[in-house]
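This briefing goes through selected features of one structure, grouped by topic.

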Amino acid sequence: MSGSENQDGDPENQDSDQDDLSLIMEFENGHISDSNSGAEREDSSEEQEDLPLVNMSTGEYDRDIPTTHGYLGRLNPVSGYTLFEDGDVLKDIFAIYTSTLVFPGFTLPLLMNDTFENRALDNFLQEHHKVFVLICPNSLYSGLYEYGVTMEIFETNLRNDMLHIKARGRQRCKRVTGSRTENLAGRIKLITVKILAEPPIVSPLEDTQLLALKSKRKWTLHNFDELKQCKSYRRYHAAQFPLPSWVYDINEVSYYTKILLEGLSAYGKELVPEDPEKLSYWFVQNFHLSHRERLEILGLRSTLERLKLEVAYFKLGRLICCENCGIQITDPTKVFAMSKDGMQSNFVNPGGHVYETITVNSAINFKLLGTMSRVFSWFRGYAWTIMQCSNCGNHVGWKFTSTNPRLSPKEFYGLANSGIKIISQKPVADPQKII
Ligand SMILES: [Zn+2]
């Protein structure tokens, strides 16, 4: 929301007056509510009004609701699951630029309200394409980041001349060095990328084992506690190398999985995946990391490398502050999950702007602007009010207030990633000693 860039702050495409106008409107009311399609928006929220808000088994707010992006109304499903081979080159593939990142396994809602973007994307869909690449700015916001994620469209609908889309992250990819980038329309570009498929997870002791023995003895396991029980057997195999056996232990994926799963248990066990690869993407999608830290993780090539760096970032103390003036807005202990996707999810407003939103149960140093509205609410059953930094007036997010007395929590805050910045401090505690 900061600066004078266009809709999603594309540093390579900053020449649209119309986009500047949208930005001003967003500053005024958080969610653009121009007259073109207001009636339709009311309809799409009303059509879901009677659906239950409370999970019958837990008695709490149904955290499946935000994951469906029901505020977009009913969309038509698109079937298929596309995975490319490692090293495949996708020449001149459709790429959509946003200021946010979506990692493999997570959902991006998109709303194309720009005529040219609409037309380009509609043609793309008419030709039965459904995989595009999501790209974002580099850490200095001076150009495009070289890595991106392939996204597969799984629901779409054209309504009131606006394309409503939901897409899911599939695979990491990298722009091919020296290839051209063509601006097609608005946030849409044509780029050439190489697919970076996930390498299999292997133990550092993999090659030390005699094949005949491998089948007889358990020596590498997904669970680090069980792995420790094979200690003497692992030591025996590591003895042929100059490094002590613990070096091999701390290069096992299960070592980092255990640290993260224990550290993240406060967010709810049912939310955090135990599978190492999924956990590595869940962490980077959900944990309050700076843009630079997230880009660094996206550039790493294996689950082990990602988990290692994530554990290092996890141990840093953090504050969540106003992006503009740096005053504290909240701290990580206030972060909680209102959605099954986690604490940090992407949502789109009627203006087409994608906001990555982090949910917290309390905040400081803010003031509310305007009145509450239920229109296009990302959390059905809650009305939103714009939050500004009380120090500098920067838009930092929305307060969500329940409109139904049965709902718990009664209120919470959704902080816009674009309006806040994460400030790292030195490690909060000694590294967890689990060996
Ligand atoms: Zn501020």
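**Helix α7 and the zinc site**

Helix α7 (residues 231–238) has four buried residues: Tyr233, Arg234, His237 and Ala238. They sit on the same side of α7, because the arc they cover around the axis is only 135°. The model is predicted.

**Helix α7**

- Ser232 and Tyr236 are exposed, on the other side of α7.
- An α-helix has 3.6 residues a turn, so residues three or four places apart point the same way.

**Zinc site**

- Four cysteines serve as the protein donors of the zinc ion, each through its SG atom: Cys322, Cys325, Cys389 and Cys392.
- These donors lie 2.3 Å from the zinc ion.
- The site is tetrahedral, with angles among the four donor atoms of 104 to 115°.
- Along the sequence, the spacing of the donor residues is C-x2-C-x63-C-x2-C.
- Distant parts of the chain are linked by the pair Cys325 and Cys389, which are 64 residues apart.
- Cys325 is in the loop between β9 (316–322) and β10 (328–330), whereas Cys389 is in strand β14 (residues 382–389).

**Cysteine exposure and disulfides**

- Cys325 counts as partly exposed because its relative accessible area is 32%, and partly exposed lies between the limits of 20% and 50%.
- Cys389 has a relative accessible area of 0% and is therefore buried.
- Cys173 also counts as buried, at 1% relative accessibility.
- Zero disulfides are found in a search of the whole structure.

Notes:
Residues numbered from 1 in each chain as written. Predicted model: local features only at pLDDT ≥ 70, side-chain atom pairs only at ≥ 80, totals over all residues. Heavy atoms only, no water. Donors = N, O, S within 2.8 Å, 3.2 Å for Na, K, Ca; no water. Tetrahedral: all angles 85-135°; square planar, octahedral: opposite > 155°, others 65-115°. Helix = DSSP H or I, 4+ residues; strand = E, 2+ residues; numbered from the N terminus. Buried < 20%, exposed > 50% of the residue type's maximum accessible area, 1.4 Å probe, protein only. Arc of directions from axis to C-beta. Disulfide = S-S within 2.5 Å.
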